Amino acid sequence: MATPTALDLTEAAQSACHLYPTSDVELALEFCAKVVPSFCAADNDRLLKVGRSIRNLVDMHKNDDDHDFDDDKLAASLALVVQECELLMSGTVKVPKVTFGKTGIQISVVTLGCMRFQQAWGPHIKNMNMVNADCQDNLVAILKRAILEFGINHIETARGYGSSELQLGVALKQLLKTTSINRDDLIIQTKLGPMKDPKDFRKALETSFEKLGVDYLDLFGFHGVNLPIQVKWIFGDKDNGDVETCYSVIQEYVNAGKIRHVGFSTHGPTDFILDCINKDVFSYVNLHYHFIGSYTASGGGHDGEGNRDCIRLLNEKNMGVFIISPYDKGGALYVPSRKLRKLTLPEMEPMSFESLRIFNHHHLFPFLHIHTFTNGAARPSDLDQAAVAAHLHATQNDKVVSKLQLVHQRLLDAREKALGKHWADTWWKGLTKANDNQHLVEHNQMIWLYNCLHAFGLYHFAKSRYKAFEDNAKNWDDSKTVQENLDRMLVGWGFVPGLPLKPEVDYSSDMVNVPDDNKERVREAEAFVYEWLASKRKSAVSTATNGEGDGKNSEAKQNGDKAAVEERRIPKDWEDAYDMRTWEDFPNRIRRVD
């Protein structure tokens, strides 16, 4: 068929939205039948995501109060949707590979992360008879999409990902017996947290080998190296005469050819990560480093750019650079705000921007290369946007880099406009992390979340991140000392440190190193964060209810009305543009059992 014009695209999208106001799948079918017929044969997940995307584009154009989403931008954004649909149905999308630092491994620039497709968290799934068939079938379909369709060769799991190793091991056994996939075609990585007793560590490592059913691991990572005590567990204490350590156990496996390369993953502070890198015993690192910040390390580094200092050092040492969770901890980009989506369009979607920023980081920051990032897939379609971005990066690089640089600058300009240049440049100065102040508050993260809200409207993301602090508070035992609580919460605290804000507390003692011209705004910013993100915030529910009813129905109505009141207070640009999660991930469908 002839290439659809801008008018064709706009009319097809508006007509489909009008015909199917409550059915995103049927909307997608109606639109695609007119402009990209081949996509009508796509699976339900793909159609649902395309329908949600188109509906939001039409809505942003219809309700363009800020005059920043005109006819041309709508048509160009719809053309992006069509391009992705055409590529996905063409069978030509392939993810390129790069050399993973000193390992010499040719690794795909997109990694299949295995934390979202397993049956359950915790250790209670003992064998495959306890795994539902639909969960395992979905897992196998993800592997086939990743390996056979897109050419992704790096598969990353962990002992701590519930039943992931068990299910992955069985799925790989099936695929190796029934498809063209060979073991040597794959880079299999698992991770295991350091333990106080090396004997326990050895036993857990053997369990990982047994569950995965492999003779060797291409990559092994010490999982969640976030605290000094964990470094001590890895390397032992020479003063105590430790002979066997977690590291010595791993070296046995390396010498036996069962582990080929050793690294670590971390959510730790930048300076801590740099110290670990400088031990010169690791070949690669999994770490957070995203456009909006470096997650728990946001505001770290010599210039407030978080883990960019780590990227620089890793490059100098020719180590593998693996970015953790850019679509989730990088801003929940699968549920972007309307503001963020409007800022990256019409050149690219938010997930595509973050992907291309990683692939082409050295074009934005000369000589600073990144090798791969993890795409945690809960369903096959979760791999689509990353794979298409990687394909375009490989086949149209000059055009892609030009667009990336344009969008990157637009986002920086938006941040400066929202925050002011001085604040955008200096907000991080003097802010302490939870382990460095008496109130155990992540002041660096609180102000980072404030910036995310104001600059990019990332309410969904900021709310979920603040909830992690509230969860820590629920697990805090006031009858115990601070150290007793930290010892009890050790591993979890290392991944997500910090307690929530308390509006009645004066945090001045935590702010002694904050520049004087920033102190007042820091106080205002934390009050703002508490007001918008704290779950205990009071709302004027009485003004939205009529007082009728009692019991559960009345309570449910009040809860619903409260949610409605809060939702109305959210600025429109903070609202979710769309949600690319087409159904709840399997491990989140049941209560976590440890």
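**Figure 1. The whole protein, with 23 helices and 10 strands**. Helices (H or I, at least four residues) and strands (E, at least two) are DSSP runs numbered from the N terminus. The radius of gyration is 24 Å, close to the 25 Å from the globule rule for 594 residues, so the protein is as compact as a globular protein of that length; the radius is taken over C-alpha atoms, and the rule is 2.2 Å times the number of residues to the power 0.38. This is a predicted model, in which local features need pLDDT of at least 70 and side-chain atom pairs pLDDT 80 or more, while totals for chains, interfaces and linings use all residues. Residues are numbered from 1 along each chain as its sequence is written, and side-chain values use heavy atoms, leaving out hydrogens and water.

**Figure 2. Ser-381 in the loop between strand 10 (372–376) and helix 15 (384–395)**. Ser-381 is buried, at 4% relative accessible area (buried means under 20%, with a 1.4 Å probe and protein chains only). Look for the polar contact between the side chains of Ser-381 and Lys-49, at 2.9 Å (a pair of N or O atoms within 3.5 Å, one able to donate a hydrogen and the other to accept it; residues adjacent in sequence count only if both atoms are side-chain atoms). Beyond four places in sequence, Ser-381 also has Asp-45, Arg-46 and Arg-145 among its contacts (heavy atoms within 4.5 Å).

**Figure 3. His-391, a residue of helix 15**. His-391 is buried too, with 11% relative accessibility. A polar atom of its side chain lies 3.5 Å from the backbone nitrogen of Lys-94. Leaving out residues up to four places away in sequence, His-391 touches Leu-87, Thr-92, Val-93 and Lys-94.

Definitions and conventions: Buried means under 20% relative accessible area, exposed over 50%, partly exposed in between (1.4 Å probe, protein chains only).
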